[in-house]
Amino acid sequence: MHRLGSLLSHKPLLNPRAPPYSLISSSTFSYSPNSIEIFYDHLLKSCNGSSSLKQIHSALTTTGLITTSPHLGGQIIIKYAKFDDLNRARLLFDNINVCYDKPTSFLCNTMIRAYANVGQCFETLKLYSFMRKTGTFVNNYTYPFVFKACALNLLVREGKVVHGDALKNGFGSDLYVEAGLVDMYAKCGLFVDCRKIFDEMSTKDLVCWTAMITAYEQAEKPEEALILFKKMQQEEGLLADSIAVVSVASAVGQLGDVRNAHTVHGYAFRKSLIEELCVGNSILTMHNKCGNTEKARLVFDMMMERDAISWNSMLSGYTQNGQATEALLLFDEMRDSDCQPTPVTALIMVSACAYLGFRHLGRKFHDFIVDSRMEIDTNLSNALMDMYAKCGDLEKAVDLFNGIPPTERNAGSWNVLISGYGMHGHGKEALELFSRMQEEGVEPNHFTFTSILSACSHAGLIDEGRKCFAEMRRLSVTLEDKHHACVIDMLGRAGLFQEAFDLIKEMPSPPSDGVWGALLLACKIHGNMELGKTAASNLLQLEPNHTGYYVLMSNIYAASNKWKEVWKLREDMKNKGLKKPAAFSMIEYGEDILGFHTADQENPYRHEVYKKMESLAIEMKMAGYVPDLSCALHDVEEEDKERMLNYHSEKLAVAFGILKIDPGMVIRVTKNLRVCNDCHSAFKYISHIYQRKIIVRDANRFHHFQGGTCSCKDYW
DNA sequence: GTAGGGTTAG
């Protein structure tokens with residue numbers, strides 16, 4: 001930063017090789033080509049490869065035109081830049097300059113543009129400084145390039161100095177210069193400066209409006225972006241082009257606004273803008289962000305051409321919307337396509353494995369990344385760590401963390417490891433890491449606090465959790481809803497209902513469904529029907545179509561034998577067309593994953609597994625297990641309830657593990673919903689009787705059963 | 001002969 005800043009102090013800089021005569025005066029040069037120039041100009045226009053460009057360059061050098069015709073010299077510089085050969089472009093630029101006592105504005109602008117377009121801010125500013133020192137006329141073409149380079153590198157101090165220069169030189173009200181300034185200040189996060197320039201502009205065109213709209217969208221203020229967009233249409237009568245559509249689609253996606261998504265899609269379709277790759281990409285991303293993967297897939301399938309962004313966007317859409325297996329299928333299609341996976345693809349696929357808990361597949365993706373020599377940056381490392389932690393291999397996650405050089409670890413790296421320890425029930429270790437993170441000067445963010453509070457809840461570290469929450473208040477950390485939800489979850493699971501409810505009442509903004517949901521879960525665990533009703537009535541107002549909350553409340557009623565209420569809730573669900581999600585458990589069997597759910601007639605192992613589960617129930621009872629009949633949710637005889645408990649999907653999966661998996665091996669099960677209290681207690685007995693290690697993952701929490709105990713403290 | 005606004009992962 002300092003080195004760049006010093007470039008703007010105006011030291012005299014003279015070209016020692018410059019001849020003492022002037023061929024052309026740079027600022028007054030006006031162009032009128034002769035026939036040879038026109039010939040070469042045509043040649044250059046049709047040149048589309050670097051080897052033919054080099055031939056033209058050499059011909060121009062032989063004829064001497066390269067130095068006498070700044071037009072052709074400039075065109076060659078532009079072409080070299082287009083072919084990413086900045087070094088050659090610069091060499092030519094310097095060679096031409098040697099012939100004059102002062103460079104031309106045109107050539108300098110062309111060279112600055114080349115640097116700015118690839119974000120080489122250092123060289124851009126150096127050249128800008130060079131122009132000023134050599135007295136080369138800095139014009140309305142120069143400033144937008146310099147602002148762009150500053151914007152890309154967030155060099156606000158340097159940008160402000162150049163802004164001052166532009167004002168002094170009378171370019172303060174040039175449309176292009178102002179648009180560049182709006183964009184630069186927006187990208188550097190200086191909203192006040194940005195908006196001031198925008199508001200004071202005498203004329204604004206579509207580009208300026210789009211720059212300002214994008215500024216809001218990028219700052220995650222999508223509502224304001226859309227307000228401005230409406231204003232642009234209504235007050236100025238400007239019509240959105242493809243770039244404006246991309247920006248607006250992104251804002252709509254952030255809001256998850258399905259109705260506006262429909263409108264934007266329709267507009268892009270009517271104007272045929274959707275045929276453009278970038279517009280197609282932004283529309284499909286928008287639908288994915290609105291949770292509508294079907295519509296997104298329709299756009300994806302209709303696209304005339306697709307790039308890595310199209311594929312990555314669709315893959316991440318599936319992963320983010322809980323359709324990770326669809327992502328796995330689509331990935332195979334991608335490999336058969338013209339578009340090959342990028343590091344972003346790898347990151348998405350690793351996250352898909354993390355979500356599904358597919359350990360072996362996750363490892364295969366890791367091997368794939370290494371074998372294809374993809375660049376593994378910190379974000380990809382973090383995703384890999386997260387995958388290993390979520391697939392039950394915390395040690396591997398720790399290894400990866402230790403492998404990242406300390407200077408390259410970002411807050412995300414620490415967060416992933418902290419949440420990894422937390423989800424495996426190692427609350428103390430998570431807290432230690434939190435201290436270490438701060439000692440090493442890494443600022444905790446809202447994710448960190450969520451992970452810590454969740455770790456305390458899972459490990460039953462109530463005092464530590466309280467302390468952490470108090471510390472957050474002391475430090476004036478912005479308390480988000482999810483932080484409250486974690487604390488309510490922690491207090492609720494510990495049965496501290498008064499404290500939990502007091503906290504809800506103290507909340508500055510109305511509690512979200514996450515907060516009431518945490519309370520409702522606690523009510524279910526402890527059979528607190530009264531508070532459960534309060535929580536449920538709030539929830540049904542906030543999220544009237546969330547199946548999970550109906551199920552939790554009906555569980556509470558069922559546990560107290562209030563069958564009338566249970567049936568009433570079921571009726572409500574039926575009338576709304578809501579279905580209880582089917583419980584589903586998966587077990588790792590060799591390199592395969594086997595699925596189990598109750599009453600599965602297709603499962604080839606069903607007979608032996610049911611039989612094993614019945615004998616396991618007898619063995620467990622002999623060891624002291626008492627079935628928790630409150631977990632059986634049907635209004636049937638006690639004996640039937642007991643039998644139904646035995647058919648819970650997680651019990652079937654574990655029974656399969658006892659039958660089929662070698663005694664020395666860990667039994668690894670993942671359940672889509674929370675493990676029920678009775679299964680949790682049963683697995684403790686099974687781990688003791690058979691001396692097996694059983695690891696069960698539910699809703700991103702792990703339960704390690706060994707020798708009759710579980711690592712977690714959140715089941716009572 | 002040169003210009004300003006844009007999409008994917010976390």
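Student: In this predicted model, how many nonpolar, polar and charged residues does the surface near DNA strand B have?

Tutor: A residue enters this tally when one of its heavy atoms lies within 4 Å of the strand, and 40 residues surround DNA strand B in the predicted model. Among those that come nearest are F106, R113 and C278, together with Q320 and N379. Sorted by class, the surface near DNA strand B has 20 nonpolar, 13 polar and seven charged residues.

Student: Which part of DNA strand B, sugar or phosphate on one side and bases on the other, supplies 40% of its atoms within 4 Å of the protein?

Tutor: Side chains reach both parts of the strand: a polar side-chain atom of D241 lies 2.7 Å from a base nitrogen of DNA strand B, while an N or O atom in the side chain of Q320 is 2.3 Å from a phosphate oxygen. For the strand atoms within 4 Å of the protein, the bases hold what remains after the 40% that belongs to sugar or phosphate.

Student: What kind of base atom of DNA strand B lies 3.1 Å from a polar side-chain atom of N281?

Tutor: For D241, the base atom at 2.7 Å from a polar side-chain atom is a nitrogen. For N281, the distance of 3.1 Å from a polar side-chain atom leads to a base oxygen.

Student: Which helix gives the largest share of the surface near DNA strand B?

Tutor: The helix in question spans residues 206-218 and contributes six residues to that surface. Its 13 residues reach 18 Å from first C-alpha to last, close to the 18 Å expected at 1.5 Å a residue, and E220, with a positive phi near 55°, follows it. This helix is α13.

Student: Why is α13 described as largely enclosed by the rest of the structure?

Tutor: Among the buried residues of α13 are W209, M212, I213 and Y216, and what covers its buried residues includes α11, α12, α14 and α15. The helix is largely enclosed because the number of its 13 residues that are buried is 10.

Student: Which helix supplies the largest share of the largest nonpolar core?

Tutor: That core has 190 residues, and those with the most contacts inside it are I76, Y143, V245, I283, L519 and L520. The largest share of this core, nine residues, comes from the helix of residues 513-526, which is α31.

Student: How many residues does the second, separate core have?

Tutor: This second core is separate and includes L652, F656, C676 and F683. Its size is 31 residues.

How values were computed:
Residues are numbered from 1 along each chain as its sequence is written. Chains are lettered from A and ligands numbered from 1 in the order in which they are written. This is a predicted model: local features need pLDDT of at least 70, side-chain atom pairs count only at pLDDT 80 or more; totals for chains, interfaces and linings use all residues. Side-chain values use heavy atoms; hydrogens and water are left out. A polar contact is a pair of N or O atoms within 3.5 Å; within protein, one must be able to donate a hydrogen and the other to accept it, and residues adjacent in sequence count only if both atoms are side-chain atoms. Helices (H or I, at least four residues) and strands (E, at least two) are DSSP runs, numbered from the N terminus. Ala, Val, Leu, Ile, Met, Phe, Trp, Tyr, Cys and Pro count as nonpolar, Asp, Glu, Lys and Arg as charged, and the others, Gly among them, as polar. The expected span of a helix is 1.5 Å times one less than its number of residues. Buried means under 20% relative accessible area, exposed over 50%, partly exposed in between (1.4 Å probe, protein chains only). Contact means heavy atoms within 4.5 Å. A nonpolar core is a set of buried Ala, Val, Leu, Ile, Met, Phe, Trp, Tyr and Cys residues joined through side-chain atoms within 4.5 Å.
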